[in-house]
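Me: I have a chain to go through with you. Take the questions one at a time and show the reasoning.

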Amino acid sequence: MPSELTISVRQALLSYLNNRTSQYDDIAVDVLRIIQEESTLLLEKQYICDAFDKDPFQLKGNGGKDMDLIISRVKSILSVTSCDRCTTKEGYSSVNAVVKLETSDNHKLNSKEVQNSVSLTFSFERKPFIHPGVEEEEETANDDNSTKAKKHSNSYEEKGTQIKYTIDLSRDYDKKERLLIIEVIASGEAPSVDKAIPMMDEGDMDDNGDDDEWEEFDDNNDENGAESGDNDDDDEHSSSAMNGNEIQSKQNNSSKSKSPPSSQDLHPKKRSKQNDHDEEKSTTEMSVKSCNTSKTALSAPSLNDGKDRFAAYVDPDVLYNFINWTQLDSNNCFDGPEVIYFLMTFPFYEHEWDLVGFLLEAVFGMDDDDDEDDDEEEEEDDE
């Protein structure tokens, strides 16, 4: 028996459908399709509003009334213009969404930089891949039943998981710019019980301190890319951002003096013009080594140890543009990791893997546990 709400909605839809087909000569299928599309987009907007109301990263607790005002402004000016979700039994999953922030009477965007709107494009993909595994060595007797034994290892295949999450920024009808990217190469179909390690980590280097395995991995990606052609789904910026050899070269040049970025690097009001000019030349301060896993993951090194690998990157210039264009942070609430928490509140990715923790560790050299410990220490000090 349908509920009273279901009956009311059905009657309202039928009444509207009859009105459009009889008075405006609209086709019934077209009307119903538009109703379906618009209701889906409204549902996705409600998901966003509910996520900010639940406040999983305690933004309101840290920012107080100022953060409440930011969230209220965002909810009043945002709209979801497109959203597609896909999940298959084979383990593939994807989410693609575009959220538009438009200037309104309640909140004005930066009129010097933006005419009408700022858009965030979210893209999440999880897909399985096969990588070779090796069983532990076993002792077997010789054919002649001698006392000597031989050791051998049996090779087999394991199913791993590959995850990629990106957020792109654009204004009006301008081109998209990559704001952040997170990649995970997991050794299994679920998160490993062992702590995940960055793709550029001492554990992945050889005895001489060189990451030869990842260089080989990048080379294999380049070869496969030449054979299969470019990925048409990625834009021009994405292709350059995901080039493993290019990012590796940038990382090697800055790794000697690299330190986690301060809040001054992320906040527009704390950056000088000289800093802006310097960051336009290089955006590698907040990057870790990334790799193009869209071609192949078969040659990813050291997956047999059962540990997941991750890489993450945030472009400080694009992040600065987001804060500057939207004019949301009038009271300096987006200081440090708060802006990252804000962006990761949008519900367009799966939470099975700790993508937020990976991003914080790559950008700030911290994870969620460290942040929670700091909050507990502050509470104890207040007491």
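What follows is a set of questions and answers on this predicted model.

Me: How many helices and strands does the chain have?
Reply: The model is predicted. Buried residues make up 41% of its 383 residues. Its secondary structure comes to 12 helices and nine strands.

Me: What share of contacts between residues at least 6 apart in sequence join residues at least 24 apart?
Reply: Contact here means heavy atoms within 4.5 Å. Only pairs at least 6 apart in sequence enter this count. Of these, the share joining residues at least 24 apart is 70%.

Me: How far apart are the end C-alpha atoms of helix 1?
Reply: Helix 1 covers residues 4–23, which is 20 residues. At 1.5 Å a residue, the expected span is 28 Å. The model agrees with that: the end C-alpha atoms are separated by 28 Å.

Me: Which residue with a positive phi follows helix 1?
Reply: The place to look is after helix 1. There phi is near 55°. The residue is Asp25.

Me: Is Leu5 buried or exposed?
Reply: Leu5 sits in helix 1. With Val9 and Leu13 it forms a nonpolar surface patch of about 270 Å² accessible area together. Exposed means over 50% relative accessible area. Leu5 has 63%, so the residue is exposed.

Me: Is Leu78 buried or exposed?
Reply: Leu78 belongs to strand 1, residues 78–87. Leu78 touches Lys45, Ile48, Val99, Lys100 and Leu101, leaving out residues up to four places away in sequence. The cut-off for buried is under 20% relative accessible area. Leu78 has 2%, so the residue is buried.

Me: What distance separates the C-alpha atoms of Leu78 and Val118?
Reply: Leu78 lies in strand 1. Val118 is 40 residues away from Leu78 along the chain. Their C-alpha atoms are separated by 9.5 Å.

Me: Which helix gives the largest share of the largest nonpolar core?
Reply: This core has 62 residues; Tyr165, Phe342, Met344, Phe348 and Leu355 touch the most other members. The largest share is eight residues, and they come from helix 11.

Me: How many residues are in another core, apart from that one?
Reply: Among its members are Phe129, Ile185, Leu303 and Ala311. This core lies apart from the largest one. Its residue count is five.

Note on methods. Residues numbered from 1 in each chain as written. Predicted model: local features only at pLDDT ≥ 70, side-chain atom pairs only at ≥ 80, totals over all residues. Heavy atoms only, no water. Helix = DSSP H or I, 4+ residues; strand = E, 2+ residues; numbered from the N terminus. Expected span 1.5 Å × (residues − 1). Patch = residues over 30% accessible without salt bridge, like charges linked within 9 Å, V, L, I, M, F, W, Y side chains within 5 Å. Areas by Shrake-Rupley, 256 points an atom, 1.4 Å probe, with all protein chains shown as cover. Salt bridge = Lys/Arg side-chain N within 4 Å of Asp/Glu carboxyl O. Buried < 20%, exposed > 50% of the residue type's maximum accessible area, 1.4 Å probe, protein only. Core = buried A, V, L, I, M, F, W, Y, C linked by side-chain atoms within 4.5 Å.
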